[in-house]
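Here are my notes for you to read alongside the model. Keep the viewer open and look up each spot as you go.

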Amino acid sequence: MAKAVLLLSLSLLLLPFACPAQLAKEFCVADLASSDTPAGYPCKPQAAVTADDFYYRGLGTTGPAINPFKISLSSAFVTNFPGVNGLGISAARVDFAVGGVVPLHWHPAATELIFVLEGTLSCGFISATSNRVYTKTLYKGDLMVLPQGQQHFQYNLGNTTAAALSTYSSYNPVVQTLDFALFANNLPSEVVNKVTLLDELEVRKLKALFGGTG
């Protein structure tokens, strides 16, 4: 009992030194004129912070189209919403045309929570350890969580447009999309053929579609 009390006392004494940056600041609005770091953007000077740094209306409208996937994406990441810097949260909106698809992709450092605003989506992810697939049909008002680092996808199942809101456990979730990783680079087509077993002519066709070379 005495040992437990001693350990608790030591923990309480060390607490002020455990996370000095978090304890010293309520928030750290991103100074976007500086470079991003693994710990986030440097803090904007407190005197320069305004309410606009914590406000964003960019998800109220359809974002830029992403071809050839028949979707549009608008994001609220730190690069356009500096108030989320270091807070471990961000968001995005995806609008799906009929036949629209968010292709296989993953976020190495963020879990995603998807909420269907309109329409019907198929949503799923592939376990990184077992390759087991988890899929659900999502309707308006449904939620699905996509664990960090797992390859996942969504596509429009209906005959009308669909829309979804995603939130992330990162202020700036890194997105790695399988199609772009394979076909939007200068890796020679014969190498892609060897490492994927895809037909080389199909690889060249896909490289032309996604802007790759080689």
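1. Start with Asp95 and Arg93, which form a salt bridge whose closest N and O atoms are 2.8 Å apart. Both residues, Asp95 and Arg93, are buried. Keep in mind while you look that this is a predicted model, so treat each distance here as a computed value. How many salt bridges does the count come to? The count comes to five, and two others are worth a visit below.

2. Next, find Lys140 and Glu118. Their side chains meet in a salt bridge too, at 3.4 Å from N to O. This pair links distant parts of the chain: Lys140 is in the loop between strand S7 (133–138) and strand S8 (143–146), while Glu118 belongs to strand S5 (residues 112–118), and the two are 22 residues apart. Are these partners buried or exposed? Lys140 has a relative accessible area of 57%, so we call it exposed. Glu118 comes out at 40%, so partly exposed is the right label there.

3. Now go to helix H5, where Glu200 and Arg204 both sit, four residues apart, or about one turn of the helix. Salt bridges that share partners join Glu190, Glu200 and Arg204 into one network. Within it, the side chains of Glu200 and Arg204 meet at 3.0 Å, N to O. Glu200 is partly exposed because its relative accessible area is 27%. Arg204 also counts as partly exposed, this time because its relative accessibility is 40%.

4. While you are in that area, look at Leu197, in the loop between helix H4 (189–196) and helix H5 (200–210). What is notable about the phi of Leu197? It is near 70°, a positive value in a residue other than glycine. That deserves a second look because most residues other than glycine have a negative phi. Leu197 has a relative accessible area of 76%, so it counts as exposed.

5. The loop between S1 and S2 has two backbone features to check. Pro68 lies in this loop, between strand S1 (65–66) and strand S2 (71–76). The peptide bond from Asn67 to Pro68 is cis, with omega near 5°. I flag it because most peptide bonds are trans. Lys70 has its place in the loop between S1 and S2 as well. The phi of Lys70 is near 60°, which is positive although the residue is not glycine.

6. On to the cysteines. How many disulfides does the count come to? Just one: Cys28 is joined to Cys43, with the sulfur atoms 2.0 Å apart. Both Cys28 and Cys43 lie in the loop between helix H2 (20–24) and S1, so the pair ties together parts that are 15 residues apart in sequence. If the term is new to you, a disulfide is a covalent bond between the sulfur atoms of two cysteines. The torsion about the S-S bond of Cys28 and Cys43 is about -115°, so this disulfide is left-handed. Cys28 is buried because its relative accessible area is 17%, whereas Cys43 is partly exposed because its value is 29%.

7. Finish with strand S6 (residues 121–126). Why can we say that S6 is largely enclosed by the rest of the structure? Because five of its six residues are buried. Cys123 is buried, with a relative accessible area of 0%.

8. Then see what S6 pairs with. S6 and S7 pair in the antiparallel sense over six bridges. Ile126 has Val133 as its bridge partner in S7. Six residues lie between the strands in the hairpin of S6 and S7, and Asn131 in that hairpin takes a positive phi near 60°. Six bridges also join S6 to strand S9 (residues 151–156), and these two strands run antiparallel. Where S9 faces S6, Cys123 stands opposite Gln154.

Technical notes:
Residues are numbered from 1 along each chain as its sequence is written. This is a predicted model: local features need pLDDT of at least 70, side-chain atom pairs count only at pLDDT 80 or more; totals for chains, interfaces and linings use all residues. Side-chain values use heavy atoms; hydrogens and water are left out. Buried means under 20% relative accessible area, exposed over 50%, partly exposed in between (1.4 Å probe, protein chains only). A salt bridge is a side-chain nitrogen of Lys or Arg within 4 Å of a carboxyl oxygen of Asp or Glu. A disulfide is a pair of cysteine sulfur atoms within 2.5 Å. Two strands pair if DSSP finds at least two bridges between them.
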